[in-house]
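Trainee: I'd like a close look at a single part of this model. Please pick one and walk me through what surrounds it.

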Amino acid sequence: MIGYEMIGRGPEKVLVLHGWFGDHTVWAPTFPFIDRERFSFAFLDYRGYGRSRGMSGDYSIKQISADAIELADHLGWDDFSVVGHSMGGQAAQRVAVDAPRRVQALVAVTPAPATGMQMPPEAEAMFAAVADSDEAGQQILGLSLGGRLKPEVAKHIMRFTRETTEIEAFRGYGRAFIETNFAEAAKSIKVPILILIGEYDGGVTEEFVRAVFPPLYLHAEIEIIPNSGHYPMLETPAWLMTRIEQFLSQRAR
């Protein structure tokens, strides 16, 4: 069974998927702001990450989805919402495809799309180098944070990643979210969708999201996270959890 941490004991069930850099505890700054009487949030760790270190697999988006659905089965959740950050936003879309009768709503935070991430060769090479190079990782993180925060922030995320992930898993997932494309299947998703974009995100930019996501999901709501780059759970945790819970609560009424 995949590793996870449960926060809350409420009737509204939510699976939360983390990104490429670091395990589920990247979400820890949001934990104090969770309505624990209304929601039950299950923050899972992918194979090779955090509480799932030592678990092998094919390190694919499809595997993340299968593990997430298996966790929901284990928890006895017949239906649930899915929240995903970055690579986890792409995986959350895959969960909605794979469990269409069970997923009630989807929140994608600074997400990679179901189309994969088309990049020029030099950018792909930079991403591929991160598994073995802290410098490459910090460069990507600095860009994703909008180049406006002190270097220690990117260094912290990079150090946190090294402490919580296995190198082969990190390398495998890095290829997966770039190369995976299930766009045609994703068009079948009809549940309420909220897509949140960091105001200063230099990677998953507003221009990129508004070009790629509406052709997949005409009904999706797209909003800007003020004063944030790619990591709003670190940069603006109170705002992020407030907006996630507002959206999910509206869906429940």
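**A close look at strand S2**

Mentor: Let's start with one residue: valine 14 has serine 81 as its bridge partner in S4. Before we go further, please note that the model is predicted, so local features need pLDDT of at least 70 and side-chain atom pairs count only at pLDDT 80 or more, while totals for chains, interfaces and linings use all residues. Residues are numbered from 1 along each chain as its sequence is written, and side-chain values use heavy atoms, with hydrogens and water left out.

Valine 14 also has a bridge partner in S3, namely phenylalanine 41. S2 and S3 run parallel and are joined by five bridges. S2 and S4 are parallel too, pairing over four bridges. Two strands count as paired if DSSP finds at least two bridges between them. The elements themselves are DSSP runs numbered from the N terminus: helices are H or I with at least four residues, strands E with at least two.

How enclosed is S2? Five of its six residues are buried, so S2 is largely enclosed by the rest of the structure. Buried here means under 20% relative accessible area, exposed means over 50%, and partly exposed lies in between (1.4 Å probe, protein chains only).

Now step back to the sheet. Seven strands make an open sheet of mixed pairing, in the order S1-S3-S2-S4-S5-S6-S7. The edges are taken by S1 (4-7) and S7 (221-225), each with a single partner strand, so one side of each has no neighbour in the sheet. From one strand to the next, the twist averages 20°. Axes are lines fitted to C-alpha atoms, for helices over the stretch in contact, and angles run from 0 to 180 degrees between N-to-C directions.

At the S1 edge, four bridges link S1 to S3 (residues 39-44), and this pair is antiparallel. Glutamate 5, for example, has phenylalanine 43 as its bridge partner in S3.

Which helices lie across S2? One of them is H1, which lies across S1, S2 (12-17), S3 and S4 (80-85), at about 150° to S2. H2 (residues 87-98) lies across S2, S4 and S5 (103-109), running at about 155° to S4.

H1 (residues 61-75) holds aspartate 67. This aspartate is buried, with a relative accessible area of 4%. Its side chain makes a polar contact of 2.7 Å with the side chain of arginine 47; such a contact is a pair of N or O atoms within 3.5 Å, where within protein one must be able to donate a hydrogen and the other to accept it, and residues adjacent in sequence count only if both atoms are side-chain atoms. Apart from neighbours within four places in sequence, aspartate 67 is in contact (heavy atoms within 4.5 Å) with Ile2 and Arg47.

For the S7 edge, look at arginine 243 in H10 (residues 237-252). Arginine 243 counts as buried, at 10% relative accessibility. Its side chain has a polar contact of 2.8 Å with that of glutamate 223. Leaving out neighbours within four places in sequence, the residues in contact with arginine 243 are Leu194, Leu196, Glu221, Glu223 and Gln250.
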